[in-house]
Amino acid sequence: MTDLVPNPTPVSSQNIFEKHFSNTKSLFVDREAISPHFIPEQLPFRETQIHEISESLSATLSGKKASNIFLYGKTGTGKTSVTRHVLTQLLEFAKGKNLPVAGLYINCRNHSRKYRVLSKIVEDLYPEERFFGFSSGFVYDKLVDWVSKNKAQLVVVLDEIDKTKDLDELVYSLTRANDEVTGGGITLIGISNNLFFRERLDPRTKSSLVEKEMVFPPYNAEELRAILNDRVKRAFAPDSVEDSAVNLAAAFAANESGDARTAVMLLFRAGELAEQKGLEKVTDDEVKRAKKKVEEEIITSMVSTLPKHQQILLFSLAELSLNKKPQAKLTGQPSAENVLFSGEIYDEYCSMAKKLKEPPVSSRWYREYISELEMFGLVSTTASGQGFRGNSRIVKLGFEPRKIRDQLEKELLG
DNA sequence: CCTCCACAGGAAGCGCAGGAGT
DNA sequence: ACTCCTGCGCTTCCTGTGGAGG
C-alpha cells in the first residue's frame with residue numbers, strides 16, 4: 001500500500017487524517033436511520049391516522065374515487081411520513097393485484113403555482129415526454145386523457161399546500177377534471193402545517209378540498225421518547241446512548257414544539273459530538289451541547305438569509321447594545337438594564353445604512369421589520385410603560401449581541 | 001385636565017418584476 | 001413579442017395610545 005505514495009514528505013508529526021481515523025469504533029451503526037428523511041415502516045402513535053387515511057383511500061382499489069382529505073398539524077408531527085407511507089403501501093398493493101391505481105407526491109414549496117403543479121403531475125404520468133412551455137390547457141388535457149385512457153384512480157398528494165399561490169384555481173382545475181374524465185378519477189390529499197390556513201380558504205375550495213379532514217397533534221414527551229428509543233435502536237450501537245440523554249432530548253423537543261424531527265436531529269447531533277470527543281456513550285451533556293449548537297446554527301442561518309436591510313437593522317441593534325451609552329432618553333429611574341428605544345434604534349439604523357450607501361427605509365417600514373424580527377425570535381419587545389415618556393417600544397436582542405455583530409460584520413462589510 | 005411627545009399600527013396607493021393571456 | 005394583471009415591498013398619510021409635564 002505504501003508503494004502508492006513513493007515519497008511521502010512528512011509535513012507534521014501527525015497526519016491530518018489521524019484524528020478522524022482513530023475513532024474507528026463508531027457510535028453509529030446506521031446513520032441513515034436517524035437522518036431527517038428516514039421514514040420508518042412503523043409510525044408509532046399514528047395508527048389512527050394511518051387507519052383513517054388508508055380506509056378512505058381503499059375506495060380507489062375498487063375503482064372509485066376516494067374522498068379528498070385535508071391534513072393539518074405542526075411540523076414534525078408525521079403528516080408527510082404517514083401520507084407517504086400509506087401511499088407507497090397503496091401503490092404496492094395495487095401493483096400486486098394489477099389494479100389501475102396511481103399516486104404521486106408533490107411538494108408545493110417547489111411547485112408554487114397551478115401551472116407548475118399540473119406540469120409536474122403530467123411529467124410524472126408521461127415519464128418519456130417533456131412538457132416545457134406548453135400551455136396550461138394542453139397540460140390539463142394531457143392529465144384528463146391519461147386518467148381516462150387508463151381508467152385510473154389517481155391520488156395526488158399536495159404537501160405544503162399553503163405555499164401555492166393560486167390554490168383556488170388549482171383545486172378547481174383538479175376537481176373539474178374529475179367531471180371531465182371518462183372512467184377513473186382524481187383524489188386529492190392536501191397537507192398543511194399552517195393551522196389557520198383552512199379558515200382562509202375560499203368556501204368553494206374548502207368544500208371540495210376538505211371532504212375529510214384530520215388533525216395531527218404534536219407528540220408529547222412520552223411519545224417522543226418512544227420514537228427516539230426506536231431510532232436509537234436502529235442507528236446507534238448497543239448501549240451507546242444513556243437513557244437519560246434520550247429523555248432529555250424528548251423533553252426539550254416536547255417542551256418547544258412536539259416536533260419529532262427536531263428531537264431526532266438533536267440526538268443525532270449529540271451522537272456526533274460524543275463521537276468527536278471519543279466518548280463511549282452519549283450523555284445528557286452532549287444533548288445539551290447539541291441543543292445549544294443547533295440553536296446557534298439556526299440563528300446563523302436565519303441571520304445570513306435575512307434581507308439586507310433587516311441585517312443592517314440587526315447590526316445597528318447589536319452595536320447599540322454593545323456600546324450602551326448613558327440613557328439620554330430616560331426621564332425616570334436609573335436602569336442597569338440595557339434598554340433600547342425604538343426611536344434611537346431607527347436613528348442608528350439610518351446612519352448605518354447611509355454608511356453602507358443604502359437608502360434607509362421609512363420609519364413605518366422599520367417598525368414592520370422590528371415586528372418581523374420579533375416573530376423570528378431574534379429580538380423581543382416590550383411596551384415602554386411607566387418611567388418613559390410616550391408610547392414606545394423597548395427592544396432587546398434575543399441573543400448575544402457580540403455574536404450577531406461579528407457575523408453581520410462579515411456579512412455586510414466583508 | 002389639557003397638550004405635547006414619541007411612537008404604534010391601519011389604510012391607501014405607488015412602482016416594479018414576473019407570470020399569464022393573446 | 002406584446003400588453004395586461006397581480007403580488008410584493010415600500011412610502012405616505014393618518015388616527016390611536018399612553019405617559020410626561022405644565
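1. Let's start with helix H16. H12, helix H13 (308–322) and strand S8 (393–397) are among the elements that cover the buried residues of H16. Those buried residues are Ile404, Arg405, Gln407, Leu408 and Leu412. Please keep in mind throughout that this is a predicted model.

2. The length of H16 is easy to check. With 13 residues at 1.5 Å a residue, H16 should span 18 Å, and its end C-alpha atoms are 17 Å apart, so the two values agree.

3. Gln407 deserves a closer look. This residue sits in helix H16, which runs over residues 401–413. Gln407 has a relative accessible area of 15%, and because the cut-off for buried is under 20%, Gln407 counts as buried. Setting aside residues up to four places away in sequence, Gln407 touches Thr300, Val303 and Ser304. With Thr300 there is also a polar approach: a polar atom of the Gln407 side chain lies 3.3 Å from the backbone oxygen of Thr300.

4. Next, helix H11. The helix covers residues 260–276, and its 17 residues should span 24 Å at 1.5 Å a residue; the end C-alpha atoms are 25 Å apart, so expectation and model agree. At the start of H11, a side-chain oxygen of Asp259 comes to within 2.7 Å of the backbone nitrogen of Arg261. After the helix comes Gly278, which has a positive phi, near 70°.

5. How much of H11 is covered? Twelve of its 17 residues are buried, so the helix is mostly covered. The buried set includes Ala260, Val264, Leu267 and Phe268, and also Arg269 and Glu275. These buried residues pack against helix H9 (221–235), helix H10 (243–256) and helix H12 (284–305).

6. Now to the DNA, beginning with strand B. Twelve residues surround DNA strand B, and the ones that come nearest are Gly343, Arg364, Arg367, Arg389 and Arg393. By class, the residues of this surface divide into one nonpolar, five polar and six charged. Helix H14 (342–355) and helix H15 (363–375) each supply at least two residues of the surface.

7. Which parts of DNA strand B lie within 4 Å of the protein? Sugar or phosphate accounts for 56% of those atoms, and bases make up the rest. Both kinds appear among the polar approaches. On the phosphate side, a polar side-chain atom of Ser342 lies 3.1 Å from a phosphate oxygen of DNA strand B, and an N or O atom in the side chain of Arg367 is 2.6 Å from a phosphate oxygen of that strand. On the base side, a polar side-chain atom of Arg364 lies 3.0 Å from a base oxygen of DNA strand B.

8. DNA strand C has its own set of neighbours. Of the 13 residues around DNA strand C, those that come nearest are Ser362, Trp365, Tyr369, Gly390 and Asn391. Of the atoms of DNA strand C that come within 4 Å of the protein, 62% belong to sugar and phosphate. The residues of this surface divide into five nonpolar, five polar and three charged.

9. Several side chains approach phosphate oxygens of DNA strand C. For Ser362, a polar side-chain atom lies 2.8 Å from a phosphate oxygen. An N or O atom in the side chain of Trp365 is 2.6 Å from a phosphate oxygen of the strand, and for the side chain of Tyr369 the corresponding distance is 3.0 Å.

10. Away from the helices discussed above, have a look at Ser112. This residue is in the loop between strand S2 (101–107) and helix H4 (114–125). Ser112 is partly exposed, with a relative accessible area of 25%. Leaving out neighbours within four places in sequence, Ser112 is in contact with Lys163, Thr164, Lys165 and Asp166. Where does Leu167 lie relative to Ser112? Their C-alpha atoms are separated by 9.0 Å, although the two residues are 55 residues apart along the chain.

11. Finally, the cysteines. How many disulfides does the structure hold? There are zero. Cys108 is buried, with a relative accessible area of 0%. Cys350 is likewise buried, with a relative accessible area of 12%.

Terms used: Residues are numbered from 1 along each chain as its sequence is written. Chains are lettered from A and ligands numbered from 1 in the order in which they are written. This is a predicted model: local features need pLDDT of at least 70, side-chain atom pairs count only at pLDDT 80 or more; totals for chains, interfaces and linings use all residues. Side-chain values use heavy atoms; hydrogens and water are left out. A disulfide is a pair of cysteine sulfur atoms within 2.5 Å. Buried means under 20% relative accessible area, exposed over 50%, partly exposed in between (1.4 Å probe, protein chains only). A residue is near a molecule or strand if one of its heavy atoms lies within 4 Å of it. A polar contact is a pair of N or O atoms within 3.5 Å; within protein, one must be able to donate a hydrogen and the other to accept it, and residues adjacent in sequence count only if both atoms are side-chain atoms. Helices (H or I, at least four residues) and strands (E, at least two) are DSSP runs, numbered from the N terminus. Ala, Val, Leu, Ile, Met, Phe, Trp, Tyr, Cys and Pro count as nonpolar, Asp, Glu, Lys and Arg as charged, and the others, Gly among them, as polar. The expected span of a helix is 1.5 Å times one less than its number of residues. Contact means heavy atoms within 4.5 Å.
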